[in-house]
Amino acid sequence: PSDTEEEKKVIYEACESAGVQVADSDVFACGGKGALELGRKVLTAVERGSDYKPLYNLDLTLKQKIETIAKEIYGAADVQYDSNVEKELKHIEEMGYGRMPVCIAKTPVSFSDDPSKLGAPEGFTLHVRDCRVAAGAGFVVILTGKIMTMPGLPKHPAAERIDVDDEGHITGLF
């Protein structure tokens with residue numbers, strides 16, 4: 001809801017030049033009603049079909065998948081692996097998870113793993129420092145740079161202390 005008209009115009013123009021339909025979606029403020037126009041356009045696009053094809057074949061090694069994403073999407077020139085990572089990737093493949101797609105966790109402000117390189121830098125080296133299987137989600141997580149993944153909830157999350165009394169007064173937020 002905080003997007004400016006100028007920002008929306010940039011998105012609309014980029015989508016139009018790419019031949020992609022676009023619609024405002026305000027589910028934050030309006031719930032499901034705020035996504036009706038977008039939903040209709042998604043259904044139209046699905047019915048129309050596409051020429052989509054995956055970026056890589058799932059039969060590639062995990063390293064090949066990482067390098068494909070790094071070079072073809074992010075603009076990296078190279079990928080560097082911490083000493084433990086190559087061994088762990090091989091172990092993951094040996095356990096039977098090698099055909100899973102990869103999900104790369106990196107800084108949200110850049111296609112690199114370096115938050116000081118804003119936007120879409122080119123020719124950098126992507127540093128892979130760790131990897132883990134997310135078997136339930138169906139992919140292998142690749143951790144780059146100093147990215148911190150979200151921790152799990154404590155035994156008693158703060159939400160358990162929040163209450164609203166009969167007069168509508170909220171307690172336990174802070």
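**Exercise 1. Work out how exposed Glu-37 is, and describe its salt bridge with Lys-41.**

Step 1. Glu-37 has a relative accessible area of 38%, so Glu-37 is partly exposed; buried means under 20%, exposed over 50%, and partly exposed in between, using a 1.4 Å probe and protein chains only. This is a predicted model, in which local features need pLDDT of at least 70 and side-chain atom pairs count only at pLDDT 80 or more, while totals for chains, interfaces and linings use all residues. Residues are numbered from 1 along each chain as its sequence is written, and side-chain values use heavy atoms, leaving out hydrogens and water.

Step 2. Lys-41, at 25% relative accessibility, is partly exposed too.

Step 3. The closest N and O atoms of Glu-37 and Lys-41 are 3.7 Å apart, a salt bridge (a side-chain nitrogen of Lys or Arg within 4 Å of a carboxyl oxygen of Asp or Glu).

Step 4. Both residues sit in helix H3 (residues 36–48), four residues apart, and are therefore separated by about one helical turn. Helices (H or I, at least four residues) and strands (E, at least two) are DSSP runs, numbered from the N terminus.

**Exercise 2. Find out which parts of the chain the salt bridge of Arg-99 and Asp-59 ties together.**

Step 1. Here the closest N and O atoms of Arg-99 and Asp-59 are 2.7 Å apart.

Step 2. Arg-99 belongs to the loop between helix H5 (83–97) and E2, and Asp-59 to the loop between H3 and helix H4 (62–74), so the pair links parts that are 40 residues apart in sequence.

Step 3. Both ends are exposed: Arg-99 has a relative accessible area of 51%, and Asp-59 has 55%.

**Exercise 3. Place strand E4 (residues 139–144) among its partners, and say how covered E4 is.**

Step 1. Five of the six residues of E4 are buried.

Step 2. Strand E2 (residues 102–105) runs parallel to E4, joined by four bridges; strands pair if DSSP finds at least two bridges between them. Ile-104 has Ile-142 as its bridge partner in E4.

Step 3. Strand E3 (residues 125–134) is antiparallel to E4, with six bridges. Arg-132 is partnered with Val-141 of E4.

Step 4. Four residues lie between the strands in the hairpin of E3 and E4, where Gly-138 takes a positive phi near 90°.

Step 5. Return to Arg-132: its side chain meets that of Asp-130 in a salt bridge (4.0 Å, N to O). Arg-132 is partly exposed at 39% relative accessibility, as is Asp-130 at 23%.
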